[in-house]
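Trainee: Please take me through one part of this model in detail, beginning at the start of the chain and then setting that part in the context of the whole. I should like the reasoning behind each assignment as well as the assignment itself.

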Amino acid sequence: MIATSIKDYLQEQGLSSQLKNLITRALDIVQQQPDAGRYDIEGDQAFVLISTPETEQQEARQAEYHYRYLDVQILLEGAEKLGYGLNLASAEPDANYSASQDITFCKTIS
C-alpha cells in the first residue's frame, strides 16, 4: 500500500511514471465535475469510477480485494480511515468473487 496526497503524488518514489500519468489523467476527469459513473482513461485497462458514497462506521465495512486491477482511492473531501492487509494478495478468489466487477469482500483483513 502506498499512501500519499494529490498534492504530493508526483514526487512519490513508490509510484511508476505510468501510474502517476494515469492518476493525473483521472484527476483531470474529476476536475470537470462529471456525474457519477465510469469514465475510461485507457479503455478497460484504466478507468475512473466517480461516486459519492456515504462514509460508514468501520465496524460496518468489509474489506475488499481485486485480482485484475489496482484500486486507487482518491478521497476528495471529508475524512476516512483506510486499513489494509497483505496476506490476501496471493489468495484464490472467494466464492463471492465477482469476475465481471473484479471484487470480493471479506469480514477481516490480516
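Mentor: In this predicted model, the residues that I2 touches are E12, G14 and L15, leaving aside any residue up to four places away in sequence. I2 itself is in the segment before helix 1. For the pair I2 and E12, the separation is 10 residues in sequence, and their C-alpha atoms are 8.9 Å apart in space. With a relative accessible area of 43%, I2 is classed as partly exposed, because this value falls between the 20% limit for buried and the 50% limit for exposed.

The setting of this segment is a protein chain with 1 helix and 4 strands, which follow the order α-β-β-β-β along the sequence. Of the 110 residues in the protein chain, 18% are buried. When contacts between residues at least 6 apart in sequence are considered, 45% join residues at least 24 apart. The protein chain exposes about 8900 Å², and 48% of that area comes from carbon and sulfur atoms.

Part of the surface is a nonpolar patch made up of I6, L70, V72, I74 and L76, whose accessible area together is about 470 Å². Within this patch, V72 lies in the loop between strand 3 (63-65) and strand 4 (104-106). V72 counts as partly exposed because its relative accessibility is 43%, and it can belong to a patch because the requirement is over 30% relative accessible area, with no salt bridge.

Charged side chains form another theme. Side chains of opposite charge can pair when their charged atoms come close. In the whole structure, 4 salt bridges are found. One of them joins the side chains of R25 and E42, with an N to O distance of 3.0 Å. This pair connects distant parts of the chain: R25 is in helix 1 (residues 17-31), E42 is in strand 1 (residues 37-42), and the two are 17 residues apart. R25 is partly exposed because its relative accessibility is 29%, and E42 receives the label partly exposed because its relative accessible area is 35%.

R38 takes part in salt bridges to two acidic residues. With D40, the closest N and O atoms are 2.9 Å apart; with D44, the closest N and O atoms are 3.1 Å apart. A network of salt bridges links R38, D40, D44 and R68. Are these residues buried, exposed or partly exposed, taking R38 as the starting point? R38 is partly exposed, because its relative accessible area is 40%. D40 is also partly exposed, because its relative accessible area is 47%, a value that remains under the 50% limit above which a residue is called exposed. D44 is partly exposed as well, because its relative accessible area is 38%.

To return to the part where we began, I2 is in the segment before helix 1, and R25 is in helix 1 itself, paired through its salt bridge with E42 of strand 1. I2 is partly exposed and has E12, G14 and L15 among the residues it touches.

Conventions. Residues are numbered from 1 along each chain as its sequence is written. This is a predicted model: local features need pLDDT of at least 70, side-chain atom pairs count only at pLDDT 80 or more; totals for chains, interfaces and linings use all residues. Side-chain values use heavy atoms; hydrogens and water are left out. Patches are made of residues with over 30% relative accessible area and no salt bridge: like charges are joined within 9 Å, nonpolar side chains (Val, Leu, Ile, Met, Phe, Trp, Tyr) within 5 Å. Accessible areas come from the Shrake-Rupley method with a 1.4 Å probe; for residues, only the protein chains shown count as cover. Buried means under 20% relative accessible area, exposed over 50%, partly exposed in between (1.4 Å probe, protein chains only). Contact means heavy atoms within 4.5 Å.
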